[in-house]
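Work through the exercises below with the model open. Each comes with a worked solution.

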Amino acid sequence: MSLELIRDILVATVPLLLIFPTLFAFTTWLERKALARIQNRIGPNKVGVPLTRYGGRFSLFGLGQPMADGIKMLFKENIVPRDADRLFHLLAPILALIPAMLVLCFLPIDFPWINNIQDSVKAFMLDGAVIFFFAITGLNTLAVFMAGWASRNKYSLLGGMRAIAQMVSYEIPLVLSAVIVVMMVGSLNAAEIANAQAGWNWFIFTPWGLAAFIIFFIAALAETNRSPFDLPEAESEIIAGYFTEYSGFKFALFFLGEYIAMFAISGLAVTLFLGGGAGPGVAALPWLSVIWFLVKIFALIAVMIWLRGTLPRLRVDQLMGFAWKFLLPLSILNIFIAGSALHLLAGGRLAGLDEKQPILRQLMEGANPLVVAGLWIGALLILYVAANGLNQLSRAKVRPREYKYAE
Amino acid sequence: MSSATAIAPNYELIQQDGLETSLLEVSMGPHHPSTHGVFRMDVKLDGETVVDLQPVFGYLHRNHEKLAENMSYLGSMPFTDRLDYFNSMTNNWAYALAAEKLVEIEVPERADYLRVIMAELTRLVNHVSLVGFFINDLGALGTPLLYAFREREKILDLFEQASGARMMCNYFRFGGLRNDVPEGWLDRARDVVDHFPVFLDEYEQLLCENEIILSRTQGVGCLSRDLAISAGITGPMLRASGVNYDIRKVDKYSIYDRFQFRVPYTDGNVGDCYDRFMVRMLEMRESIRILKQALDGIGDGPVLGNAPKVFKPKPAEVYGRVEAPKGELGFYLIADGTPKPYRYRVRPPSLINLTVLRDMCLGQKVADAVIILGSIDIVLGEVDR
Amino acid sequence: MSLLGGGIFKGMAVTLRNFVGSYFYKDRLTTNDYSWRPSDKLPQHAGEYPKEEGEQLRDTTTVTNYSRNFPMLLHDGSEPMDTIRCVACQICERECPPQCIYIEKSTEKKENAGGKPQFYPAKFDIDVSVCMSCQICVEVCPFDAIVMNSQFELSTPDRFGGLLLRRDDLLKSNDYYHNIHPEEAAARDKRIAEEKAAKEAKKKAAAEAARKKAEEKAKADAEASEGTPDIQEDAE
């Protein structure tokens with residue numbers, strides 16, 4: 001291995017390891033602050049500039065809070081239950097963090113410093129980047145169950161079992177909705193997918209892309225154990241689920257892993273559906289693409305926080321039912337719709353569309369607005385009707401009721 | 001209980017050749033985030049399904065009844081605050097009602113109006129926070145609960161202005177109230193009551209149509225009409241099971257016969273968590289109706305009748321009850337001619353409503369057991385006494 | 001048929017409204033900032049929130065006058081022990097539901113505010129770790145000697161001694177009482193004054209009656225012994 005290669009690898013990876021944990025700290029602050037405001041509270045606002053006597057005076061909206069939390073976590077006692085499997089109890093948080101960190105490499109973020117390094121160390125240029133992404137994310141399941149099993153706590157075990165069932169189930173709609181994009185681009189290369197959406201040709205602006213994005217986002221919520229799918233760590237039912245028995249820095253690692261996974265899956269959603277780094281001004285100032293990428297990630301995370309502040313949690317059977325009876329059929333139907341539409345378009349059988357031009361651009365700027373509108377309405381109508389039907393099938397009896405009054 | 005009857009009906013543990021299966025016994029509580037205090041459920045699980053459940057309580061036993069037998073009648077009044085610490089006003093009222101029966105004191109009209117106002121404000125406090133806690137048990141991150149507490153705070157301010165304390169009000173006395181409300185209190189109360197429906201609209205918009213809440217609560221923890229009656233369930237829980245029974249209507253104690261209000265109830269074919277939740281939401285609207293009428297109808301006058309200075313009733317037995325927000329709260333007193341009661345017994349709605357917990361939970365998921373407990377609306381101070 | 005997921009969107013609209021509203025409307029963000037002030041700036045009584053610059057507070061003034069925390073003993077003058085109202089009758093000790101009052105009666109009498117020789121409490125301890133702020137002692141006290149304080153910053157590192165308030169900790173002047181509970185104190189003083197006036201009137205009447213009786217008797221005696229000046233008019 002040449003020295004240059006090592007340097008390139010370091011240049012490609014070390015900044016990721018610095019940037020995302022920093023963003024994680026900021027996100028914990030953001031989440032607490034936003035949730036507090038949703039709940040009409042103030043949120044963290046005490047911790048100021050650390051290590052100064054003016055800490056309280058210049059509190060900077062409590063931005064010092066994540067650092068204080070980190071220090072607290074570091075100094076807390078590491079408690080391992082007596083009967084726990086010590087080795088796996090130790091390994092689980094590490095294993096939870098590593099895949100989450102690994103998949104960050106597959107996000108096609110054009111950091112300025114990676115322009116000079118060779119393509120072979122850019123993971124997102126890999127021909128199977130998207131597949132790799134899902135494969136590595138799947139490892140997370142293992143860590144969660146390892147934690148649940150090794151803790152020797154019934155709540156942890158329940159949490160671990162729930163996590164396995166949930167993550168395995170939701171992986172399928174997640175991948176199937178990503179397939180739409182792969183069909184449109186014809187490549188699994190993350191960089192190519194992002195490039196295909198340059199300008200405003202984001203895949204979310206196609207009917208099937210929009211539907212796929214919604215399915216992808218819901219499944220991503222479940223993959224990252226976010227509300228309303230936070231069953232593995234359901235506080236009101238099983239205390240803290242698989243990390244009930246974790247304290248101190250091990251818990252911090254789980255926490256970090258969870259948030260990094262959130263970044264990763266949001267980053268993938270941005271890559272697949274929201275145009276990657278595309279956005280206004282990118283053509284003139286290439287470094288803006290990094291900003292746009294991160295802004296889009298944070299937009300998705302903000303929605304996750306918003307959902308967390310609003311929704312209660314599903315029950316375990318409803319959760320599985322939702323994945324298998326609702327999301328899975330819908331995403332298959334969506335693939336079918338996308339396939340037929342692309343086939344018709346590519347064959348030029350729909351009047352007014354030129355098969356030699358990029359399909360997306362035509363859908364956006366559409367040669368024939370009627371055809372474009374017809375595509376949008378038709379595809380979304382089919383999906384909505386199907387979704388409604390599936391909904392009726394699965395929970396027909398659930399509806400608001402009328403009540404009687406006695407004078 | 002380890003006999004066959006302990007297991008849910010129609011439940012069979014699957015035993016396959018070469019595979020050993022056993023139930024997972026989980027002790028939920030007393031240190032559990034959703035047991036509403038120090039309460040424990042010994043749950044036997046098959047996967048996630050509850051096949052047996054044994055409620056264990058008594059962690060908060062404070063010897064309330066025996067203490068009261070060694071104390072003057074008035075001395076027990078502040079202790080009744082601590083029974084159901086969310087609703088001290090109605091607890092006070094039930095006890096005052098029983099004691100007033102003992103010595104037959106007339107309550108002045110203004111005191112009666114204020115009592116109704118306080119009790120209905122208490123009902124708002126209780127129901128609004130119960131709904132918040134209930135949704136919290138469903139897994140929401142405290143958002144509805146904090147909205148509820150935001151509104152509850154306004155009512156607690158009213159309580160503090162009237163009685164000096166926010167929760168442990170100790171405001172009622174035999175024959176009336178301890179003191180009159182301060183100047184301007186009725187206007188502030190009117191203000192709070194007028195703004196409450198605005199909040200309720202928002203609350204209903206947040207909760208009542210949410211698909212997740214609907215699918216989580218409907219068909220969960222069904223309590224049949226017959227079981228509810230035979231188990232002695234009272235309050236909103238009974239009405240959710242389809243029985244039109246409200247002590248405000250049945251006894252017409254105090255001046256409840258002067259007010260126009262309706263009692264929401266179901267037709268009794270489901271009686272699930274959703275019904276219990278909705279009945280409480282609807283009851284709040286009726287409480288506001290009562291409050292508006294009471295605040296309009298209240299007149300001037302004394303607030304304390306001519307209660308004897310030394311409370312020394314003749315030997316008698318009485319039972320005084322009110323429709324507390326949780327159900328029928330009754331005090332049973334036996335006087336023997338001394339200044340202390342010979343027997344003092346509380347009929348706590350929380351405890352008696354809790355008795356059907358197991359019947360409602362069997363066969364449900366473990367997550368449902370939590371929300372069923374939440375929908376019963378217990379306060380452990382009252383369960384254990 | 002409602003929109004699929006419509007209820008969820010409605011709920012999200014509510015939370016969004018609260019999120020935005022908490023930045024603009026005081027009735028949505030009701031939190032008072034309190035705990036991070038320097039300790040000398042902490043309020044000691046309900047309603048005594050010291051405002052810092054630019055700080056908006058919920059209107060707590062309406063609450064303040066009525067909140068109660070732990071009992072205190074009243075005295076009328078500047079020298080507490082000379083004007084203490086308590087006469088160590090021990091009714092409150094007997095009536096206290098959680099039994100947190102401990103009184104030792106003095107052996108000798110001493111002049112109090114009324115100028116009458118009275119017993120006074122040699123010891124008057126209230127264990128505020130037991131006290132439940134029920135105000136029964138205030139109600140049973142026939143001398144208006146014990147009332148409720150509203151001081152709440154009572155935390156102490158000393159678990160037993162620090163929470164056992166001695167007589168001298170409990171003694172507070174009537175002015176202080178007027179300061180923390182203006183309305184209640186005014187009402188109480190008015191009642192005391194009325195009672196005093198009534199008592200004095202009664203006394204006067206009694207004295208008058210006694211004098212009249214004496215005079216009548218004297219008159220009768222005089223009539224019996226003949227020829228006396230009429231003093232009855234002066235008495236009228």
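Two exercises follow on this predicted model, one on cysteines and one on a sheet.

**Exercise 1. Count the disulfides over all chains, then explain the result for C:C100 and C:C134**.

Solution.
1. Start with the criterion. A disulfide needs two cysteine sulfur atoms within 2.5 Å.
2. Take C:C100. Its closest cysteine sulfur belongs to C:C96, at 3.7 Å, so the pair is too far apart for a bond.
3. Take C:C134. Its closest cysteine sulfur is also in C:C96. The separation is 6.1 Å, again too far for a bond.
4. Check burial, for which the cut-off is under 20% relative accessible area. C:C100 is at 7%, so this residue counts as buried. C:C134 is at 8% and therefore counts as buried.
5. Give the total. Over all chains, the structure has zero disulfides.

**Exercise 2. Work out the strand order of the open three-stranded sheet in chain B, and find what lies across the strands**.

Solution.
1. Read the order: β7-β8-β9 of chain B, with antiparallel pairing.
2. Identify the edges. They are β7 (316-324) and β9 (341-347) of chain B. Each has a single partner strand, so one side of each lacks a neighbour in the sheet.
3. Add the twist. It averages 10° from one strand to the next.
4. Inspect one pairing. β7(B) and β8(B), residues 327-335, run antiparallel and are joined by nine bridges. Within this pair, B:V318 stands opposite B:L333 of β8(B).
5. Place the helix. α3 of chain B, residues 88-103, lies across β7, β8 and β9 of that chain. Helix α3(B) runs at about 150° to β7(B).

Note on methods: Residues are numbered from 1 along each chain as its sequence is written. Chains are lettered from A and ligands numbered from 1 in the order in which they are written. This is a predicted model: local features need pLDDT of at least 70, side-chain atom pairs count only at pLDDT 80 or more; totals for chains, interfaces and linings use all residues. Side-chain values use heavy atoms; hydrogens and water are left out. Buried means under 20% relative accessible area, exposed over 50%, partly exposed in between (1.4 Å probe, protein chains only). Two strands pair if DSSP finds at least two bridges between them. Helices (H or I, at least four residues) and strands (E, at least two) are DSSP runs, numbered from the N terminus. Axes are lines fitted to C-alpha atoms, for helices over the stretch in contact, and angles run from 0 to 180 degrees between N-to-C directions. Contact means heavy atoms within 4.5 Å.
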